[in-house]
There are 2 protein chains.
Amino acid sequence: MNVQFKKGVLTLCVLVLTLQKDRYGYELVHTISEKFLIAEGTIYPLLRRLTKEGYFTTYLVESNEGPPRKYYQLTDIGQEYADELIQEWKEFSLGVNQLIEEGILNEQK
Amino acid sequence: MNVQFKKGVLTLCVLVLTLQKDRYGYELVHTISEKFLIAEGTIYPLLRRLTKEGYFTTYLVESNEGPPRKYYQLTDIGQEYADELIQEWKEFSLGVNQLIEEGILNEQK
DNA sequence: TGCACTATTATACATTGCAAGGTACTGTGG
DNA sequence: CCACAGTACCTTGCAATGTATAATAGTGCA
């Protein structure tokens, strides 16, 4: 999958998934990778950045399947940011789809 | 509009628009900007890169509204690349939209 | 003990959109 | 005649972010 498509959209995906419930990094990697492949080296720096910017708080929970999991919980401004990104994504993807439809419909043979 | 969303998608947009007919840079900037704002400093280097990679051939046409226009015409491999990117975009945006729908539907209040 | 799986962290790199700056042509109004 | 707006192109350096790669470490099983 085109690497560049993912730029910026990953932030959206992470925020959207944490709307449902608190998540830990490894879980996010695998859930998102069901839709399109992402690397661990992508998620962890992103989570740290979003936490630093105040969109997440974190807490550790012991796991019996490995080292303790760091859970990420959305803050209020994290929720606002999620809503904002969702709205922007919808407008953006609509615009792109319109261009594609117009492009294909009027395509010269 | 979120800058990061555009990464890679601009290439798609430029290719899609040239499926219809040959275009020149200034025209592409304004046509795409109807959907979401882009800068001239983005388009010209992009066109140059795509041309260098063999997706476009170019020719100049005199204009009575200013300097000559450099038109970009898709090559065969340019068309193939366009089809490929369109397909990838569709799968990608579908995946993102599914995550968003699931995220919002199951959102905790 | 060794291995597979889970889980986190850090560093260096490549790609690409943008701001800011520049050149140059045409037509219009003062 | 000259200033200006609009058209049209180009270049440079910067910022953002996904990735590869690697290191670290806990658990449970053969």
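What turn and what shift along the axis lay chain A on chain B? Keep that in mind as you look through these views of a predicted model.

**View 1. Two chains and the axis between them.** A turn of 180° with a shift of 0.0 Å along the axis puts chain A on chain B, and the RMSD of that fit is 0.1 Å. That is how a two-fold axis relates its copies. Want a landmark for the axis? Look for A:Lys7: of the residues of chain A, this one comes closest to the rotation axis, with its C-alpha at 3.3 Å.

**View 2. Where chain A meets chain B.** Here we zoom in on the contact, to which chain A gives 37 residues and chain B gives 37 residues. Of the interface residues of chain A, 100% are interface residues in chain B too, so the copies meet through the same surface. Together the two chains bury about 3800 Å², and 71% of that lies on carbon and sulfur atoms. Three residues to pick out are A:Phe5, A:Phe92 and A:Leu99: they supply 21% of the area chain A buries against chain B, more than any other three residues.

**View 3. Salt bridges and polar contacts across the interface.** How many salt bridges cross between chain A and chain B? The rule finds two of them. One to zoom in on is the salt bridge between the side chains of A:Glu102 and B:Lys35, with 3.7 Å from N to O. Polar contacts cross over as well: six residue pairs turn up between chain A and chain B, with both residues at pLDDT 80 or more.

**View 4. The helices on chain A's side.** Three elements of chain A give two or more residues to the side that touches chain B: helix H1 (3-6), helix H2 (9-20) and helix H5 (76-105). The largest share is from H5(A), which brings 17 residues to that side. Sort the side of chain A that touches chain B by class and you get 17 nonpolar, twelve polar and eight charged residues.

**View 5. A sheet in chain B.** Now over to chain B, where three strands make an open sheet, ordered E1-E3-E2, with antiparallel pairing. At the edges sit strand E1 (23-24) and strand E2 (56-61) of chain B, each pairing on one side only.

**View 6. Close in on E1 and E3.** Strand E1(B) runs antiparallel to strand E3 (residues 69-74) of chain B, and two bridges join them. To find your bearings, start at B:Tyr24: the bridge partner of B:Tyr24 in E3(B) is B:Tyr71.

Terms used
Residues numbered from 1 in each chain as written. Chains lettered and ligands numbered in written order. Predicted model: local features only at pLDDT ≥ 70, side-chain atom pairs only at ≥ 80, totals over all residues. Heavy atoms only, no water. Contact = heavy atoms within 4.5 Å. Buried area = accessible area lost by both parts, 1.4 Å probe. Salt bridge = Lys/Arg side-chain N within 4 Å of Asp/Glu carboxyl O. Polar contact = N/O pair within 3.5 Å; in protein donor to acceptor, adjacent residues only side chain to side chain. Helix = DSSP H or I, 4+ residues; strand = E, 2+ residues; numbered from the N terminus. Nonpolar A, V, L, I, M, F, W, Y, C, P; charged D, E, K, R; others polar. Pairing = 2+ DSSP bridges. Least-squares fit on C-alpha atoms with pLDDT ≥ 70 in both.
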